[in-house]
Amino acid sequence: MKKLSYLFVILFWLCVASAFGHDYPTETSWQITPPGGSPIIAQSDSNLLPNTLYSDTIPLGGTIITAIFDSFGDGLGSSQWGGTDGWFLIQNDCQDTIMYVAGNFGEIYTDTLII
């Protein structure tokens, strides 16, 4: 029973990795919330560096809403400006990759995920 309980806890860990490939990471932010938008479960730091991988592990399960914002309006795209496009990934031990976003998505990208 102890092993089964341990396995159950592991299935609800969510790993969030994001990389901002463009030269203006302060334009881009992200957040994870329950349906309804509040309270914020996790969000990006306001001091993001260009071309840097950030990784967080968050214990949660159920339905979550993910949102990525870009104030300039080019999403994580920077190849049109001579740079490298950035990406955003959410995965867990049970489902592997459950969200992957890259390149130009405009001002906002949102997705509803069931963990």
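Strands are DSSP runs of E with at least two residues, numbered from the N terminus. Two of them pair if DSSP finds at least two bridges between them. The model used in these exercises is predicted.

**Exercise 1. Describe how β6 and β7 are connected and how they pair.**

Step 1. Look at the connection: β6 and β7 form a hairpin, with three residues between them.

Step 2. Look at the bridges: six join β6 to β7, and the two strands run antiparallel.

Step 3. Pick one position. L89 has Y100 in β7 as its bridge partner.

**Exercise 2. Find the order of the strands in the open sheet of four strands, and state which strands stand at its edges.**

Step 1. Write down the order, which is β3-β2-β5-β8, with antiparallel pairing.

Step 2. Read the two ends. β3 (42-43) and β8 (108-114) each have a single partner strand, so one side of each lacks a neighbour in the sheet.

Step 3. Check the β3 end. Strand β2 (residues 28-33) is joined to β3 by two bridges, and these strands run antiparallel. The cut-off for pairing is at least two bridges. Across this pair, Q31 stands opposite Q43 in β3.

**Exercise 3. Classify the aromatic pairs W30–F88 and W87–Y100, and say which strands they link.**

Step 1. Recall what has to be known: a pair of aromatic rings is described by the distance of the centres and the angle of the planes. The model has three aromatic pairs in total.

Step 2. Take W30 and F88. Their ring centres are 5.6 Å apart and their planes stand at 55°, so this pair is tilted. W30 belongs to strand β2 and F88 to strand β6, so the pair ties together parts 58 residues apart in sequence. Both W30 and F88 are buried.

Step 3. Take W87 and Y100. Here the distance is 6.4 Å centre to centre with 25° between the planes, and the pair is stacked. The cut-off for stacked is under 30 degrees. W87 lies in strand β6 and Y100 in strand β7, so this pair ties together parts 13 residues apart in sequence.

Step 4. Add the exposure of W87. Its relative accessibility is 28%, so W87 counts as partly exposed.

**Exercise 4. State which strands supply at least two residues each to the largest nonpolar core, and which strand gives the most.**

Step 1. Start with the core itself. It has 16 residues, and those with the most contacts inside it are I68, F88, I90, M99 and L113.

Step 2. List the strands: β2, β5 (63-70), β6 (87-92) and β7 (96-102) each supply at least two residues.

Step 3. Name the main contributor. β7 gives the most to this core, with three residues.

Definitions and conventions: Residues numbered from 1 in each chain as written. Predicted model: local features only at pLDDT ≥ 70, side-chain atom pairs only at ≥ 80, totals over all residues. Heavy atoms only, no water. Core = buried A, V, L, I, M, F, W, Y, C linked by side-chain atoms within 4.5 Å. Buried < 20%, exposed > 50% of the residue type's maximum accessible area, 1.4 Å probe, protein only. Phe/Tyr/Trp six-rings, centres within 6.5 Å; stacked < 30°, edge-to-face > 60°.
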